[in-house]
Amino acid sequence: MKPLLSYILHTTYRILPIILLSTFYLLLATPAQGAGIVPCEGLACTWCHLIELGDKIVDFLMKTAIPIVTIFFIIGGFYIMFAGSSTNNYAKGMDIIKSSAVGLIILMTAWAIINLLFELLAGGSAANISPWNIVQCSP
């Protein structure tokens, strides 16, 4: 019984992230590809377009952060669920869950701090500035 459980855990650990990432890629990347990630064509590119491209990449990463953290929560949960009497697998599962939660907290906190700093620099009100996280180059 023990080798079968080990095989299932090992196989799930390798295949589940691939399946889930493929699914999330199809759900999230298709609209981004349809909209065009590169904001310019040919030699008409400027520095503003480069900044706009960076903004689109950051937006994509922010939108995919929560699904990726969810995948790692599931993987950590599998380690804990199938740990049995193995304290190493239980500890590994807890480490995966803690690390992914800390990463998400760092990401969201950094975003909130940058937003707060821009609002304070603009006079304490979000109404005084245009959305700082939206970049649009003039045609």
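**Fold, surface and an aromatic pair**

F82 comes out as partly exposed, with a relative accessible area of 24%. This is a predicted model, and its side-chain atom pairs count only at pLDDT 80 or more. F82 has a ring partner in F78, and F78 is partly exposed too, at 23% relative accessibility. Both values sit in the partly exposed class because buried would mean under 20% and exposed over 50%.

As for aromatic pairs, the structure holds just one. The ring centres of F78 and F82 are 5.9 Å apart and the planes meet at 5°, so this pair goes down as stacked. The label follows because planes under 30 degrees apart count as stacked, given centres within 6.5 Å.

Zooming out, the protein chain is made of three helices, with zero strands. Its pattern along the sequence is simply α-α-α. Helix α2 covers residues 47-81, and K56 is one of the residues found there. With a relative accessibility of 27%, K56 is another partly exposed residue. K56 and V38 lie 18 residues apart along the chain, and their C-alpha atoms are separated by 8.7 Å.

On the whole-chain numbers, 17% of the 139 residues count as buried. The accessible surface of the protein chain adds up to about 10000 Å², and carbon and sulfur atoms own 72% of that area. Turning to contacts with a separation of 6 or more, residues 24 or more positions apart account for 56% of them in the protein chain.

Terms used: Residues numbered from 1 in each chain as written. Predicted model: local features only at pLDDT ≥ 70, side-chain atom pairs only at ≥ 80, totals over all residues. Heavy atoms only, no water. Phe/Tyr/Trp six-rings, centres within 6.5 Å; stacked < 30°, edge-to-face > 60°. Buried < 20%, exposed > 50% of the residue type's maximum accessible area, 1.4 Å probe, protein only. Helix = DSSP H or I, 4+ residues; strand = E, 2+ residues; numbered from the N terminus. Contact = heavy atoms within 4.5 Å. Areas by Shrake-Rupley, 256 points an atom, 1.4 Å probe, with all protein chains shown as cover.
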